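This briefing goes through a single protein chain by topic. Please keep the sequence and the model open while reading.

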Amino acid sequence: MRIPYLQLRQEFERVLLALGFEPTKAGQCATLFADNSRDGVYTHGLNRFPTFVGHVRAGLVRPGAEPELLEANGLVERWDGHYGPGPTNAAAGMARAIELAQAHGIGCVALRHTNHWMRGGSYGWQAAEGGCIGLCFTNTIANVTPWGGTDARLGNNPLVLAVPRPGGHLVLDMAISQYSFGKMSTYAAAGEPLPVPGGYDQAGHLTTDAGAIMTSQRGAPIGFWKGSGLALMLDVVLAALSGGRSTADITQAGQESGVSQCFIAIRQPALHQEVIEHILQFTKSSPSGPGSTGIFYPGEQSLATRTANLAQGIPVNEAIWQQVCALER
């Protein structure tokens with residue numbers, strides 16, 4: 001089933017307005033959710049929207065809250081999100097980092113007490129559209145095991161890196177687990193095993209059963225000890241910069257709310273595009289391996305999916321679409 005982009009965005013906006021969002025914020029939040037599905041990240045678009053509505057109803061997300069500047073230290077600023085909507089808080093954080101970068105060459109915004117930003121890549125695209133290199137990361141509730149352990153003690157702390165490019169921006173949006181939990185939910189729904197082990201079941205056994213990993217919430221880190229170290233350090237940097245909650249604090253509270261995030265923008269008038277093109281051409285010149293569908297730079301397939309979905313309509317899970325259409329009626 002395919003739905004026109006505009007219809008999807010309008011339905012999100014209708015629900016958010018009914019939940020008490022003021023019109024500008026409802027429109028911005030609806031656009032971010034619709035853009036995620038438009039670009040093929042369905043797990044953080046339509047599919048995640050009912051969960052977001054549930055968090056609003058439960059008071060975990062406060063529709064009227066606005067981010068507040070707490071401290072400015074040169075080009076580094078510390079803000080409090082006051083538990084407002086994660087997508088709009090994150091967009092505001094990156095927008096402020098871009099403002100600082102446009103004036104001074106670089107800007108960094110640390111944000112505490114915010115909520116799930118949905119697709120982190122959205123804010124990488126935002127930086128690239130603003131002509132800036134973008135870097136952002138967030139912590140989460142514990143759902144990744146540290147190297148040497150079998151219980152979740154680390155957040156699946158997504159890391160986003162973006163570079164503007166006239167022929168299509170480069171945007172890397174990566175989870176710290178071997179598979180994002182969104183990707184694992186896709187495998188679990190299809191009843192298919194993961195290509196390689198992606199985490200532990202409740203008995204502590206490494207497994208390719210995505211459903212078992214979703215149940216245990218024990219994803220394995222990318223790169224074994226390297227991913228474990230990266231997840232830990234991202235959490236440490238976030239807590240140090242923002243003064244906000246760590247993965248341990250979030251986990252012990254029992255709900256993924258009040259997370260900490262960081263947004264960095266770098267503006268350099270000359271980004272040496274010919275060098276970037278040479279890197280991409282050299283990378284793509286490698287012969288494809290067995291079963292490969294090609295070599296793609298980060299963001300390339302998202303751009304292709306965006307073009308196709310805008311032309312043909314956005315694929316939706318019919319049951320979830322009907323659920324959203326019934327919300328707040």
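**Structural briefing**

His82 sits in the loop that runs between strand S3 (76-80) and helix H4 (86-104). The model is a predicted one. The points below start with the fold as a whole, then turn to the cores, one helix, the cysteines and the backbone.

**Overall fold**

- The protein contains 12 helices and 13 strands.
- Its radius of gyration is 20 Å, close to the 20 Å that the globule rule gives for 329 residues, so the protein is as compact as a globular protein of that length.
- The C-alpha trace spans about 55 × 50 × 45 Å along the principal axes.
- Of the contacts with a separation of 6 or more, 66% join residues that are 24 or more positions apart.
- Of the 329 residues, 49% count as buried.
- The accessible surface is about 14,800 Å², and carbon and sulfur atoms make up 56% of that area.

**Nonpolar cores**

- In soluble globular proteins, nonpolar side chains tend to be buried together.
- The largest nonpolar core has 27 residues, and the members touching the most others are Leu8, Phe12, Leu16, Leu46, Phe49 and Phe52.
- At least two residues of this core come from each of helix H1 (5-18), helix H2 (23-38), helix H3 (49-57) and helix H12 (318-326).
- With neighbours within four places in sequence left aside, Leu46 is in contact with Leu8, Phe12, Ser37, Val316, Asn317, Ile320, Trp321 and Val324.
- Another core, of 22 residues, lies apart from the largest one, and its members include Trp79, Val109, Cys136 and Val171.

**Helix H12**

- The buried residues in H12 are Ile320, Trp321, Val324 and Cys325.
- These residues lie on the same side of H12, because they cover an arc of only 140 degrees around the axis.
- That buried set packs against strand S1 (2-3), H1 and H3.
- Ala319 and Ala326 are exposed and belong to the face of H12 turned away from its buried side.
- Two of the buried residues, Ile320 and Trp321, are also among the contacts of Leu46.

**Cysteines**

- How many disulfides does the structure hold? The count is 0.
- Cys262 is in no disulfide, and the nearest cysteine sulfur, that of Cys108, is 3.8 Å away.
- A disulfide needs two cysteine sulfur atoms within 2.5 Å, and the 3.8 Å between the sulfurs of Cys262 and Cys108 does not meet that cut-off.
- Cys262 is buried, with a relative accessible area of 1%.
- Cys325 is likewise in no disulfide, and the nearest cysteine sulfur, that of Cys29, lies 17 Å away.
- Cys325 has a relative accessibility of 17% and so counts as buried, the cut-off being under 20%.

**Backbone with positive phi**

- His82 is not a glycine, yet its phi is positive, at about 50 degrees.
- Is His82 buried or exposed? With a relative accessible area of 29%, His82 is partly exposed.
- Gln217, a residue other than glycine, also has a positive phi, near 55 degrees.
- Gln217 lies in the loop between helix H7 (210-216) and helix H8 (225-242).
- The relative accessibility of Gln217 is 31%, so Gln217 counts as partly exposed.

Technical notes: Residues are numbered from 1 along each chain as its sequence is written. This is a predicted model: local features need pLDDT of at least 70, side-chain atom pairs count only at pLDDT 80 or more; totals for chains, interfaces and linings use all residues. Side-chain values use heavy atoms; hydrogens and water are left out. Buried means under 20% relative accessible area, exposed over 50%, partly exposed in between (1.4 Å probe, protein chains only). A nonpolar core is a set of buried Ala, Val, Leu, Ile, Met, Phe, Trp, Tyr and Cys residues joined through side-chain atoms within 4.5 Å. Helices (H or I, at least four residues) and strands (E, at least two) are DSSP runs, numbered from the N terminus. Contact means heavy atoms within 4.5 Å. The radius of gyration is taken over C-alpha atoms; the globule rule is 2.2 Å times the number of residues to the power 0.38. Accessible areas come from the Shrake-Rupley method with a 1.4 Å probe; for residues, only the protein chains shown count as cover. The arc is that of the directions from the helix axis to the C-beta atoms.
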